[in-house]
Amino acid sequence: MTTLKAVRGTRDLLPPETKLWSHIETTAREVFARYGFGEIRTPIFEDTQLFARGVGEETDIVSKEMYTWEDRARAQSEKAQSLTLRPENTAGVVRAYIEHGLGDTGLLQKLFYIGPQFRRERPQKGRYRQFFQIGAEVIGPSSSGSESPLRDAEVLEMLASLLDALPIKGWKLLINSVGSKQDRPRYIETLSAALKPVVGRVCEDCQRRAATNPLRVLDCKVPEDQPIIETLPKIWDSLDADSRAHFEQVCRALDACRVPYEHNHRLVRGLDYYTRTTFEFQHAIGLGAQNALIGGGRYDGLSELIGGPKAPGIGFAIGQDRLALAMGLQLSEEKWSSFEKDIDAYIAPLGEALNAQALALARELRRERLRVELGDGSFKLKKSFETGNKLARAIVLFGEDEAASGILTVKDFSSGEQQKVPRASLAEHLRQLSDKSAAPGNQLLATS
Ligand code: HAM
């Protein structure tokens, strides 16, 4: 029989990599809390129409990459419905915002999410069919200040702080303005006119985009097309005074808090809902072509597109797979291995008759918040030492003598020292050993 494997473009995440993932999530939650964000969990599948109308029929995501199926009616009272695994979460969050009348509070809604997204892309390093995003949206009626450039700058500053807190080194922030609903048709007209005489000389994809979604031509990565694309009109020249002022205020606020950025005139991004500010955080190390760690922008018209009230907003999504990949590469070999070994003590019962009492000792230590692995009395002493050394920083020998006297033998694997420790001070002793050998978990990453 053939062995079944994870489906192409999906993968299992295993320890110790999952520790890195948890560290990223914990840090993100901590940082988001400092900015007043609350968590939202929306369903993993939605009505296909949500993405068709929200993200845009002409985008690659909707036209080629969605996992869509016809959900048959199971009862007379039900209707068949086209459903789709979410390819992104902004449309879902805005749907929930509308459905629960969150705008009625008059307050700005600040919502974050962590979860899987699905796109049927060609899998490669950093690009998967099931991938994970950590994202957030700031949305509300105009009276809540949701259109203010300050919101854009605050979100960008928060992301810079998050990347620094993880820490991720060597990130680059690119920003641009794709204009308002009024600016866009003006630019598309100018762009289409400029594309007409050159369309025969660009790649096939660009020829198609020139007809269906000309903005996406600016995104083209084909080297031969670059000299032609560089001569195309810039979107900046089609922005009205309000849009320019909005963008300039975002930049000024970023300057004030010294967040470095680069204005990239060609950053248009692949989702149709964007208006005004768009941005991307890139990272050069080890991600190859998939160097976008975070993507986001403003979507002032999205709520209306899916049938809701006017609710301008801005948000982002971090590609968690890519972030973990970049961080993993950043950690040295040595730090990875101490990351792996974060158990404080391995308890070795010396004989099966001591198993039950060893469990009671483990319970005592775990209640003291120590991380403990429990061996088995059937193991030979050599095996206990070998296993303990693989898993933990120290081994606690628990034999007849120790059980009777209440004095335990503890060996610190990093120094090789062996000591007798009374049971009452065992937890404290182990804690000190752990602090000494230092650097597991969060500390490790903070000092990398
Ligand atoms: P996006 O640019 O499509 O934006 O995705 C955001 C990030 O998700 C990307 O920068 C990348 O790191 C990661 N990502 C996307 N596709 C894949 C994939 N196939 N495999 C691995 N990682 C991937 C959005 O999704 C918008 N909803 C962001 C947003 C929120 N805009 C406003 N609010």
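Helices (H or I, at least four residues) and strands (E, at least two) are DSSP runs, numbered from the N terminus. The model in these views is predicted.

**Figure 1. The loop that holds P167, which lies between helix α5 and strand β7.** Strand β7 covers residues 171–177. The peptide bond that joins L166 and P167 is cis, with omega at about -5 degrees. Most peptide bonds are trans.

**Figure 2. The segment before helix α1, where P16 has its place.** P15 and P16 are joined by a cis peptide bond. Omega of this bond is about 5 degrees.

**Figure 3. The packing of helix α1 against helix α5.** Two packed helices are described by the angle between their axes and the distance between the axes. Here α1 spans residues 17–34 and α5 spans residues 149–165; the angle is about 145 degrees, and the axes are 10 Å apart. The crossing of α1 past α5 is right-handed. On the α1 side, the contact is formed by T27, A28, V31 and F32, which meet M158, L162 and A165 of α5. By class, this contact comprises 6 nonpolar residues and 1 polar residue, with no charged residue.

**Figure 4. Polar contacts between the protein and the ligand.** E121 places a polar side-chain atom 2.7 Å from a nitrogen atom of the ligand. For E137, a polar side-chain atom lies 2.9 Å from a ligand nitrogen atom. G315 takes part through its backbone, with an N or O atom 3.5 Å from a nitrogen atom of the ligand. The ligand taken alone exposes 650 Å², of which the protein buries 95%. Two or more residues of the surrounding shell are given by each of the elements β6 (130–139), β10 (292–298) and β11 (313–319).

**Figure 5. The shell of residues around the ligand.** The ligand is surrounded by 26 residues, of which E88, E121, R269, Y274 and A292 are the closest. Strand β10 supplies the largest share of this shell, with 6 residues. The shell is made up of 11 nonpolar, 8 polar and 7 charged residues.

**Figure 6. R269 in the loop between strands β8 and β9.** Strand β8 covers residues 262–263, and strand β9 covers residues 275–283. R269 is one of the residues closest to the ligand. Most residues other than glycine have a negative phi. In R269, by contrast, phi is positive, with a value near 70 degrees.

**Figure 7. K110 in strand β5 and its surroundings.** Strand β5 runs over residues 109–118. Apart from its neighbours within four places in sequence, K110 is in contact with Y35, G36, F37, G38, E137, V138 and E154. One of these partners, E137, also has a polar side-chain atom 2.9 Å from a nitrogen atom of the ligand. A polar atom of the K110 side chain lies 2.8 Å from the backbone oxygen of Y35. L433 stands 323 residues from K110 along the chain, and the C-alpha atoms of these two residues are separated by 42 Å.

Terms used:
Residues numbered from 1 in each chain as written. Predicted model: local features only at pLDDT ≥ 70, side-chain atom pairs only at ≥ 80, totals over all residues. Heavy atoms only, no water. Axes fitted to C-alpha atoms, helices over the stretch in contact; angles between N-to-C directions. Left-handed = near helix turned anticlockwise from the far one by under 90°. Contact = heavy atoms within 4.5 Å. Nonpolar A, V, L, I, M, F, W, Y, C, P; charged D, E, K, R; others polar. Near = heavy atom within 4 Å. Polar contact = N/O pair within 3.5 Å; in protein donor to acceptor, adjacent residues only side chain to side chain. Areas by Shrake-Rupley, 256 points an atom, 1.4 Å probe, with all protein chains shown as cover.
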